[in-house]
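I wanted a quick look through this one before going back to the bench. These are my notes, in the order I looked things up.

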Amino acid sequence: MSKCNIQPKNYKAFTNRNIQSIQQFEALPTEIHDAVQIVSRVMPFRANNYVVDELIDWSRPESDPIFKLIFPQKGMMSPEDYQALETKIRAGEPEAALQAEARNIQQKMNPHPAGQMELNVPKCQRGQSINGIQHKYNETVLFFPTQGQVCHAYCTYCFRWAQFVGVDDLKFACGDPQALVSYLEAHPEVTDVLFTGGDPMIMTSKILRRYVEPLLRERPGNIRSIRFGTKVLAYWPYRFLTDKDADDLMGLFDEIVAAGFHLAIMSHFSHPRELGTDAVQAAMSRILATGANIRCQAPLIRHINDDPEVWRSMWEKQVSLGAIPYYMFVERDTGPKDYFSVPLAEAWHIFTQAYSKVSGLARTVRGPSMSATPGKVLVDGIVDVEGHKLFALKFIQARNSEWVNRLFFAEYDEKAVWLDGLKPAFGEKRFFFEK
Ligand SMILES: *Cc1c(COP(=O)(O)O)cnc(C)c1O
Ligand code: SF4
């Protein structure tokens, strides 16, 4: 195991209950300060002292991407909803009335995107009902461990926001490692397990071991790769450095690799600044020293990273730190989507401008990709067919593996933000996968 030379940091969590203890926040101009407090009654807020002290540029919060990534913004609510809530607060209405109003607003915000509740739970797909296991694409099973359903900070654009504010209970989560083993035994088509959440890296290594060790010991089915979907590198790199069980976690990574599994840390980085601190760089090199890979993904988000230069420099930085750019996602159709969404056409241009300026080592990245109900749909190009502008699309993952990598076309629409806003090209009534 490689040594760690970084100074330890004691974790301090901030939620909307103790947001006033963030000195930098209290020093903000009243208008920005109060807006955050109002919106954080509706949208989840969580931060910590690393994010606050080392990532946010407090000298210009109105235009700081990391401030907007963590602190709920006024534009995330409709002006009517915002005003209704603000009026009640200013009128000094009782807490119960304010909470009821917040709940009411949350319910209007599409808390369950992309058929997530009905369609992806295995009972509908593959004849078995197990909470906490989502098996949508043949080769890869998602596993949601009970103890990994929160994060070290919340992204304002998170599509799981409904869970974090308690509109959804954590229906997906599973606390039984043996359920995963049995599922994998019964499904020899599965080669990859992806632990996800929330953030599975928030778990202590002791709990993580409870889920992982049975896989190493029993080698169920045809499992070859273990992945962790996480934002801990961006939000709390000390998890891999100086937390009291950091060494044990690195030991577990060593064991996974020694057992012959491919270990991939699927890291969510929204902005190159998250790759700039000594702590994150030390954490990345420590992870890589175990033999794990770091693959990087993020959605394209208005106000946060809607600029090709941001993506170009982020991908270059990832490669220079030994990580592998993987996906650029389109923001999902949930919650405050109007504030964050970038139209597909613009997303394609941003992707293409960034992609065309990096070395082939960074062109492992794919996107922009929509995680839609039928699968992951890539906007592959904007084409002109006999004077008619079209989107060229293809599945990079699909419920039906025969759909993968097959090009299909939709009418070009400058404003469309999601698959369900697109019309099939050539006058057809439905896309091929809807037949
Ligand atoms: C993205 C995703 C996966 C993993 O897909 P890869 O292309 O293998 O990274 C698995 N399951 C679901 C539901 C997903 O959205
Ligand atoms: S880290 Fe992921 S799950 Fe957690 S708040 Fe951000 S987007 Fe959501």
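The entries below go from the sheet to the backbone oddities and then to the ligand.

**Entry 1: the sheet.** I kept in mind that this is a predicted model. I started by tracing the strand order. I got an open sheet of 11 strands, running β3-β4-β5-β6-β7-β8-β9-β10-β11-β12-β13, with mixed pairing. Its edges are β3 (133-137) and β13 (407-411), each of which has a pairing partner on one side only. I also checked the turn between neighbouring strands of this sheet, and the average is 30 degrees with direction ignored. A reminder to myself: strands in a sheet pair through backbone hydrogen bonds, and they can do that parallel or antiparallel.

**Entry 2: the β3 end.** I looked at how β3 meets β4 and found three bridges, with the two strands antiparallel. They make a hairpin, and two residues sit between them. Which residue of β4 is the bridge partner of Ile133? I found Phe143 there. Next along, β4 and β5 are joined by four bridges, and this pair runs parallel. Here I noted Leu142 opposite Leu194, which belongs to β5.

**Entry 3: the β13 end.** I then went to the other edge. Strand β12 (residues 388-398) is joined to β13 by five bridges, and the two run antiparallel. I picked out Ala392, which stands opposite Phe409 of β13.

**Entry 4: helices on the sheet.** Which strands does helix α11 touch? Helix α11 (residues 205-218) packs on the sheet and touches β4 (140-143), β5 (192-195) and β6 (225-230). I read the angle between the directions of α11 and β6 as about 160 degrees. I looked at helix α15 (residues 308-320) as well, and it lies across β8 (293-300) and β9 (324-330). Against β9, α15 runs at about 150 degrees.

**Entry 5: backbone oddities.** Most peptide bonds are trans, and most residues apart from glycine have a negative phi. I went looking for exceptions. The bond from Gly197 to Gly198 is cis, with omega near 15 degrees. Gly198 belongs to the loop between β5 and α11. I found another cis bond between Gly367 and Pro368, with omega about -10 degrees. Pro368 is in strand β10 (residues 366-371). For phi, I noted Glu386, which is not a glycine but has a positive value of about 50 degrees. I placed Glu386 in the loop between β11 (375-385) and β12.

**Entry 6: ligand 2.** Which residues surround ligand 2? I listed Cys151, Tyr154, Cys155, Cys158, Arg160, Phe164, Gly198, Lys231 and His268. Sorted by class, this shell has five nonpolar, two polar and two charged residues. The space that ligand 2 takes up is the largest pocket. One name turned up twice in my notes: Gly198 is part of the surroundings of ligand 2, and the cis bond from Gly197 leads into it.

Terms used
Residues are numbered from 1 along each chain as its sequence is written. Chains are lettered from A and ligands numbered from 1 in the order in which they are written. This is a predicted model: local features need pLDDT of at least 70, side-chain atom pairs count only at pLDDT 80 or more; totals for chains, interfaces and linings use all residues. Side-chain values use heavy atoms; hydrogens and water are left out. A residue is near a molecule or strand if one of its heavy atoms lies within 4 Å of it. On a 1 Å grid over the protein atoms alone, a cavity is a set of points where a 1.4 Å probe fits but cannot get out, and a pocket is an open set with protein on both sides within 12 Å along at least five of seven lines; lining residues have an atom within 4 Å of a point. A molecule sits in a cavity or pocket if more than half of its atoms lie within 2 Å of its grid points. Ala, Val, Leu, Ile, Met, Phe, Trp, Tyr, Cys and Pro count as nonpolar, Asp, Glu, Lys and Arg as charged, and the others, Gly among them, as polar. Two strands pair if DSSP finds at least two bridges between them. Axes are lines fitted to C-alpha atoms, for helices over the stretch in contact, and angles run from 0 to 180 degrees between N-to-C directions. Contact means heavy atoms within 4.5 Å.
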